[in-house]
Amino acid sequence: MVWLLPKIWSAIKGIFSFLGRLLGGKSAPEPEQKTDTSVNLNDDKLAQLEKLKSLLDSGALTEKEFTEQKRKLLDN
């Protein structure tokens, strides 16, 4: 039964989107697009963190430099 919830929610969103366009409103952006973008950003951040960690392990960065760069990356 739970597997039907996403399909029902999608149908409800479609109905409201149609009604909004019919009444002259603007349609909202699809959340799936945001999810894809956030996944890409998270993958990018993960790759950057891994690179920072390898630089720390190789001695190219100090612990303080690593912590500063990690904080900057995660705050964005």
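The following paragraphs describe the fold, surface and selected contacts of a predicted model of a single protein chain.

The protein chain contains 3 helices and 0 strands, and its elements run α-α-α from the N terminus on. Confidence across the protein chain averages a pLDDT of 79, with 76% of the residues scoring at least 70. Among the elements, helix α3 (residues 63–75) has the highest confidence, at a mean of 91, whereas helix α2 (residues 31–58) has the lowest, at 77. As a general caution, predicted coordinates should not be read in detail where pLDDT is low.

Helix α1 comprises 18 residues, which at 1.5 Å a residue should span 26 Å, and the distance of 26 Å between its end C-alpha atoms agrees with this expectation. Just after α1, G24 adopts a positive phi of about 95°. The loop between α1 (5–22) and α2 also holds L23, a residue that counts as exposed because its relative accessibility, at 75%, lies above the 50% cut-off.

L23 also belongs to a nonpolar surface patch of about 1100 Å², to which L5, I8, W9, I12, I15, F16, F18, L19 and L22 contribute as well. For the protein chain as a whole, the accessible surface comes to about 6600 Å², and carbon and sulfur atoms account for 62% of that area. Of the 76 residues of the protein chain, 7% count as buried.

A search of the whole structure for salt bridges finds 1, and this pairing joins D57 to K53, with the closest N and O atoms 3.0 Å apart. Both residues lie in helix α2, where D57 and K53 are 4 residues apart, or about one turn of the helix. The two partners fall into separate accessibility classes: D57 is exposed, because its relative accessible area of 57% is over the 50% cut-off, while K53, at 40% relative accessibility, counts as partly exposed. In general terms, side chains of opposite charge can pair when their charged atoms come close.

Two C-alpha distances relate residues that are separated along the chain. The first concerns Q69, which is placed in helix α3 and counts as partly exposed at 33% relative accessibility; the C-alpha atoms of Q69 and L52, although these residues are 17 positions apart along the chain, are separated by 7.8 Å. The second concerns N42, which is placed in helix α2 and is likewise partly exposed, with a relative accessible area of 48%; here the C-alpha atoms of N42 and L74 are separated by 9.7 Å, with their positions 32 residues apart in the sense of being 32 apart along the chain.

With regard to annotation, an unreviewed UniProt entry lists residues 47–74 under "domain: SHOCT". In the predicted model this span is 86% helix and 0% strand, and the C-alpha atoms at the ends of residues 47–74 lie 12 Å apart.

Technical notes. Residues are numbered from 1 along each chain as its sequence is written. This is a predicted model: local features need pLDDT of at least 70, side-chain atom pairs count only at pLDDT 80 or more; totals for chains, interfaces and linings use all residues. Side-chain values use heavy atoms; hydrogens and water are left out. UniProt positions are given in the numbering used here, feature names are shortened, and annotations may be inferred rather than shown by experiment. Helices (H or I, at least four residues) and strands (E, at least two) are DSSP runs, numbered from the N terminus. pLDDT is the predictor's confidence in each residue, from 0 to 100. Patches are made of residues with over 30% relative accessible area and no salt bridge: like charges are joined within 9 Å, nonpolar side chains (Val, Leu, Ile, Met, Phe, Trp, Tyr) within 5 Å. Accessible areas come from the Shrake-Rupley method with a 1.4 Å probe; for residues, only the protein chains shown count as cover. A salt bridge is a side-chain nitrogen of Lys or Arg within 4 Å of a carboxyl oxygen of Asp or Glu. Buried means under 20% relative accessible area, exposed over 50%, partly exposed in between (1.4 Å probe, protein chains only). The expected span of a helix is 1.5 Å times one less than its number of residues.
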